Amino acid sequence: MSNCVSVVLSQKGWSVTYTTQSICTLKGSTVEMSCSIRYPSGTVTTTFWFTKMYDVEKYVNLRNDSNYKGRVTYRSDKMNGHTLKITDLRESDSAEYKFRFITDQTGGKYSGYPGVTLSVTDLQVKVTTTWWSTTLTCSTTCILTGNPTYIWYRNSKIVQGASSPSYTVYFKTEDRFYCAVKDINSPAVSVEGHSYFHVTYTHQRICTLNGSSVDISCSYTYPSGHTISETIWYTKGKLHEAPQILSPGYGGRVEYLGNMQSDSILRITDLREEDSAEYKIRFRTGQTTWEPTIPGTTLTVTGLQVKLTPATVTEGQKVTLTCSTTCTLSDNPTYIWYKNGHVTNQSTSLFLNPVSSEDAGRYSCSVEGHEEIPSDEETLTVRCEDV
């Protein structure tokens, strides 16, 4: 919604200030538009809203317009604020709404130009189909005021709520879909039973250790009559560099596994933190390259770090040592703790309560199954209690 807009004063001390300059809203809904007025003296005797006039000084008061019968309400307050409410909106209500007031002073008449431009639109579902999917878009002829929430229905059941004006279908179906804003629905549309190129990534996110290996996998389906002739994994944003994922830049660390016709696995060994990225797949069938639009698998590579709390330790305190990572490691791993190079415990955090001088030493941690990739050592020094 726009900021308040003041009309240009045609007479000194007279004005109409509208709360908004334009409104786009839905057919069948209710709208309110407001303004405040200012005048030099006297008492206001007449107020009304209008969209048209058929002669000089012959304005059509909306309350007397047969097109608005039973749908218009005026409301005013003691601060010279005036509100117009229109219910059961129709597309024919689209117009510029202006406010006029008359006082008991000679020549005390004023109309606020320009007024509020109201655009009334309906909801329509636009269908865009590709080999990958069908995208349904909840379309209007103007941008709805107030950042509305869109709800999508499939056969009268909600499939996507409080979300965007688009919904994508990745599966073969003959269901009917429609969108809604508040309590106003679009007409339903049918999505014919296409069979799409569809990719399912096994994991949306993977967090794993620096120096370890990872398998990023997906499965896919596609229309009959197509044969996958090439499969390429790439990092998002570097599609033109996709072949380099197998280049010497990766030092021979990449391998493709799977049957390639229905599933594929990208295996990366000796992981480095710079390998952190979103990984996606694309295919070639004949002379055509297909690239899924859905998100791929986001890989985050992290190291292990021992965090000591508190940083300065006095004998008798409670001390916590945490095996910290920049993301939550996948597969809920078991942590192994070492003191001076020897295994001392298995837990995410190591608690020393109360800590004593005997606990002083060099601490590190690792993940079970990856003991060869320990964290750096953190030295715990315990000060004597103050006497």
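Two exercises on the disulfides and one sheet of this structure follow, each with a worked solution.

The model is predicted: local features need pLDDT of at least 70, side-chain atom pairs count only at pLDDT 80 or more, and totals for chains, interfaces and linings use all residues. Residues are numbered from 1 along each chain as its sequence is written, and side-chain values use heavy atoms, with hydrogens and water left out.

**Exercise 1.** State how many disulfides the structure holds, and describe the link of Cys24 and Cys142.

Solution.
1. A disulfide is a pair of cysteine sulfur atoms within 2.5 Å. The structure holds 4 of them.
2. In the pair Cys24 and Cys142, the sulfur atoms are 1.9 Å apart.
3. The torsion about this S-S bond is about 80°, so the disulfide of Cys24 and Cys142 is right-handed.
4. Both Cys24 and Cys142 are buried, where buried means under 20% relative accessible area, exposed over 50%, and partly exposed in between (1.4 Å probe, protein chains only).
5. With the bonded cysteines numbered in sequence order, the pairing reads 1-3, 2-4, 5-7, 6-8.

**Exercise 2.** Give the strand order of the open sheet that contains β32, and find its edges.

Solution.
1. Strands (E, at least two residues) are DSSP runs, numbered from the N terminus; two strands pair if DSSP finds at least two bridges between them.
2. The order is β33-β32-β35-β36, with antiparallel pairing.
3. β33 (342-346) and β36 (378-380) each pair on one side only, as edge strands.
4. Strands β32 (residues 335-339) and β35 (residues 361-367) pair over 5 bridges.
5. Ile336 stands opposite Ser366 in β35.

Key. Helix = DSSP H or I, 4+ residues; strand = E, 2+ residues; numbered from the N terminus.
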